[in-house]
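Here are a few short exercises to work through with the model open beside you. Try each task before reading its solution.

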Amino acid sequence: MGVIGRLGSPHIEDSLAQVHRVLVSKQCEVFVEAGSAAMFENQAIVGVNAATIRTCDLIVVVGGDGSILGVARDFAASNIPVVGINRGSLGFLADIAPQEIESQLERVLEGDYRLEQHFLIQQTVVRNNVKVHESTALNDVVVSSGSLSRMMEFRLWIDDEFVYDQRSDGVLIASPTGSTAYSLSAGGPIMHPGLDAIAIIPMYPHTLTSRPIVVPGDFEIRVEVGADTHGARTSSDSQVDFELEAKDVIEICKFPHELRLIHLSTQSFYEACRSKLDWGSRLGLRRD
């Protein structure tokens, strides 16, 4: 079993230690990622590298949804099931509460869970016909101007068909998993995680008629940075950034591997939206 914690967060140490104790008590062979192992105080736990984690049957992530985004990029190609202990805020992806670690991990080890497949998207930056950057994202790829006070110009193609020239703050390309993240704030549609689709959301376009577009998941999306645009950037899950140059081309498509995410909650996607996006509140009612 592999264990990975959110680095730089002192709030997860207790949960990290509890996960380790539970797995060891169940006679599991436990490998703790090197950075996470450093958070264990007064314990002789030797950390391992990513190559060793890739040999595990299960990865337990202690953190929030953002931690699972990083694990998805690093380990989705290994086809290892991932379960999350939620020490973040929303918990769309990591849904085991800290107080339920022992009981819920026991369920996982007994095979009492449901497995969801979440596809990732991949971006490749091409500069003068040479690939200069490549990264994957579970939630979204964002091409932006790089400044709050500056717009950028770009051209958009979908499956080799020209769509439009646009002047805006940028464009966001989201998977169904990412439709409840940054895409939601940008005015994108909420997509069921089982959909095989990709959403393209213009960010504050300099027009009143440019709206989000949803396309089949196997379509390729291409964004060409304008010749007069400078300082633009692209990011994967807001965690991996790359500085763009004028006339760079960003090619975006579905990644060939998926995140195998374990869920133990019985709530449906719509129940999760009601509770985590506050759909259940009524205007004018005060919550104590």
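**Exercise 1. Find the element that gives the most to the lining of the second largest pocket.**

Solution. Keep in mind that this is a predicted model.
- Step 1: β12 takes that place, with three residues in the lining of the second largest pocket.
- Step 2: Sort the lining of the second largest pocket by residue type, and you get nine nonpolar, seven polar and three charged residues.
- Step 3: Now look at the space itself, which has a volume of about 370 Å³ in the second largest pocket.
- Step 4: This pocket is lined by 19 residues, and those closest to its centre are Asp169, Tyr182, Ala186, Met203 and Tyr204.
- Step 5: Two elements, α6 (182-185) and β12 (197-203), give two or more residues each to the lining of the second largest pocket.

**Exercise 2. Describe the largest pocket and the residues that line it.**

Solution.
- Step 1: The largest pocket holds about 560 Å³ of space.
- Step 2: Its lining counts 32 residues, with Asp65, Gly91, Phe92, Leu93 and Thr180 closest to the centre.
- Step 3: At least two lining residues come from each of α4 (65-75), β6 (114-127) and α7 (269-276).
- Step 4: With four residues, β6 gives the most to the lining of the largest pocket.
- Step 5: By type, the lining of the largest pocket has 18 polar, nine nonpolar and five charged residues.

**Exercise 3. Decide whether Asp237 is buried or exposed, and find its partners.**

Solution.
- Step 1: Place Asp237 in the loop between β15 (233-236) and β16 (240-243).
- Step 2: Buried means under 20% relative accessible area. Asp237 has 5%, so Asp237 is buried.
- Step 3: Check its side chain for polar partners. The side chains of Asp237 and Arg73 are joined by a polar contact of 3.2 Å, and the Asp237 side chain also reaches the backbone nitrogen of Leu138 at 2.9 Å.
- Step 4: Beyond neighbours within four places in sequence, the contacts of Asp237 include Leu69, Ala137, Asn139 and Asp140.

**Exercise 4. Trace the largest nonpolar core and name the residues that touch the most other members.**

Solution.
- Step 1: The largest nonpolar core has 26 residues, of which Val19, Leu23, Val60 and Val83 touch the most other members.
- Step 2: α1 (13-25), β4 (59-63), β5 (82-86) and α5 (101-109) each give two or more residues to this core.
- Step 3: α1 supplies the largest share of this core, five residues.
- Step 4: Follow Leu23 outward, setting aside neighbours within four places in sequence: Leu23 is in contact with Met1, Val3, Cys28, Val30, Val60, Leu105 and Leu109.
- Step 5: Another core lies apart from this one, with 24 residues, among them Leu156, Ile173, Leu244 and Ile252.

Notes. Residues are numbered from 1 along each chain as its sequence is written. This is a predicted model: local features need pLDDT of at least 70, side-chain atom pairs count only at pLDDT 80 or more; totals for chains, interfaces and linings use all residues. Side-chain values use heavy atoms; hydrogens and water are left out. On a 1 Å grid over the protein atoms alone, a cavity is a set of points where a 1.4 Å probe fits but cannot get out, and a pocket is an open set with protein on both sides within 12 Å along at least five of seven lines; lining residues have an atom within 4 Å of a point. Grid points are joined across faces, edges and corners, and a volume is the space filled by probe spheres set on the points. Ala, Val, Leu, Ile, Met, Phe, Trp, Tyr, Cys and Pro count as nonpolar, Asp, Glu, Lys and Arg as charged, and the others, Gly among them, as polar. Buried means under 20% relative accessible area, exposed over 50%, partly exposed in between (1.4 Å probe, protein chains only). A polar contact is a pair of N or O atoms within 3.5 Å; within protein, one must be able to donate a hydrogen and the other to accept it, and residues adjacent in sequence count only if both atoms are side-chain atoms. Contact means heavy atoms within 4.5 Å. A nonpolar core is a set of buried Ala, Val, Leu, Ile, Met, Phe, Trp, Tyr and Cys residues joined through side-chain atoms within 4.5 Å.
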